[in-house]
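The following account leads through one structural model, from its ionic pairs to its interior and then to its backbone. Please keep the sequence and the coordinates in view while reading.

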Amino acid sequence: MNTYAIIDTGGKQLRVEPGRFYDVCDFTSLNKNTKKVDSTTKIVIHRVLLIRQNSIINIGSPWVKNAIVKGRILHPCSSKKIIVHKMRSKKKTRIKKGYRKNLIRFIVDSICMDGKEVLYL
């Protein structure tokens with residue numbers, strides 16, 4: 001696609017396109033007290049670093065003014081399991097631990113600038 005945006009969410013920068021889904025650790029716009037996240041939750045991301053539409057590039061300093069990325073949450077998910085091995089030589093101690101990071105999968109519906117939706121081809 002020729003239209004995309006670079007957003008800042010959860011301390012990371014993502015290149016997002018309309019109609020695609022992404023996994024992120026957390027959203028700063030979501031309330032931390034909410035335990036249940038369902039698919040009816042709409043999200044709006046104001047931290048847009050760059051918007052590209054065909055050959056026009058808008059770069060923010062630090063963020064693009066009046067730029068919004070709109071989307072909705074699909075479902076919570078987990079990342080791949082990370083396994084940690086710990087072995088102490090000559091002590092006959094072996095420990096195997098693993099964990100998964102909790103993620104939220106969301107889909108980008110539109111990229112808006114100055115109140116108008118940026119059309120993509």
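With which residue does Arg47 form a salt bridge? In this predicted model, the partner of Arg47 is Asp8, and the closest N and O atoms of the two are 3.4 Å apart. The pair links distant parts of the chain, since Arg47 sits in the loop between S4 and S5 while Asp8 belongs to strand S1, 39 residues apart. The two partners differ in their surroundings: Arg47 is partly exposed, at 37% relative accessibility, whereas Asp8 has a relative accessible area of 18% and therefore counts as buried, the limit being under 20%.

A search of the whole structure finds 5 salt bridges. One of the others joins Asp23 to Arg105, with the closest N and O atoms 2.8 Å apart. Because Asp23 lies in strand S3 and Arg105 in strand S10, this pair ties together parts that are 82 residues apart in sequence. Asp23 is partly exposed at 33% relative accessibility, and Arg105 is likewise partly exposed, with a relative accessible area of 22%. Arg105 also has a counterpart on the backbone level: its C-alpha atom is separated by 6.7 Å from that of Cys77, a residue 28 positions away along the chain.

Strand S10 takes part in a further ionic contact, in which Asp109 forms a salt bridge with Arg72 of strand S7. The closest N and O atoms are here 2.5 Å apart, and the partners are 37 residues apart in the chain. Asp109 is partly exposed, with a relative accessible area of 31%, and Arg72 is partly exposed at 29%. In addition, Arg15, Glu17 and Arg20 are linked in a network of salt bridges.

The interior comes next. In soluble globular proteins, nonpolar side chains tend to be buried together. The largest nonpolar core of this model has 19 residues, of which Ala5, Ile7, Val16, Val48, Val69 and Phe106 touch the most other members. Strands S1 (3-9), S2 (12-16), S3 (21-24), S4 (42-45), S5 (48-53), S7 (67-78) and S10 (102-113) each give two or more residues to this core. The largest share, 4 residues, comes from S10.

On the surface, Lys86, Arg88, Lys90, Lys91 and Lys97 gather in a patch of positive charge. Lys86 is found in strand S8 (residues 82-88) and is partly exposed, with a relative accessible area of 48%. Lys90, another member of the patch, is found in the loop between S8 and strand S9 (93-99). At 83% relative accessibility, Lys90 counts as exposed because the threshold for that class is over 50%.

The backbone remains to be considered. Most residues other than glycine have a negative phi, and most peptide bonds are trans. Which sign does phi of Lys90 have, positive or negative? Phi of Lys90 is positive, near 65°. Lys92 has a positive phi as well, of about 55°, although it is not a glycine. Lys92 is found in the loop between S8 and S9 and is exposed, with a relative accessible area of 79%. Elsewhere, a cis peptide bond joins Ser61 and Pro62, with omega about -5°. Pro62 lies in the loop between strand S6 (56-59) and S7.

Conventions
Residues numbered from 1 in each chain as written. Predicted model: local features only at pLDDT ≥ 70, side-chain atom pairs only at ≥ 80, totals over all residues. Heavy atoms only, no water. Patch = residues over 30% accessible without salt bridge, like charges linked within 9 Å, V, L, I, M, F, W, Y side chains within 5 Å. Areas by Shrake-Rupley, 256 points an atom, 1.4 Å probe, with all protein chains shown as cover. Salt bridge = Lys/Arg side-chain N within 4 Å of Asp/Glu carboxyl O. Lys, Arg positive; Asp, Glu negative; His and termini not counted. Charge placed at Lys NZ, Arg CZ, Asp CG, Glu CD. Buried < 20%, exposed > 50% of the residue type's maximum accessible area, 1.4 Å probe, protein only. Core = buried A, V, L, I, M, F, W, Y, C linked by side-chain atoms within 4.5 Å.
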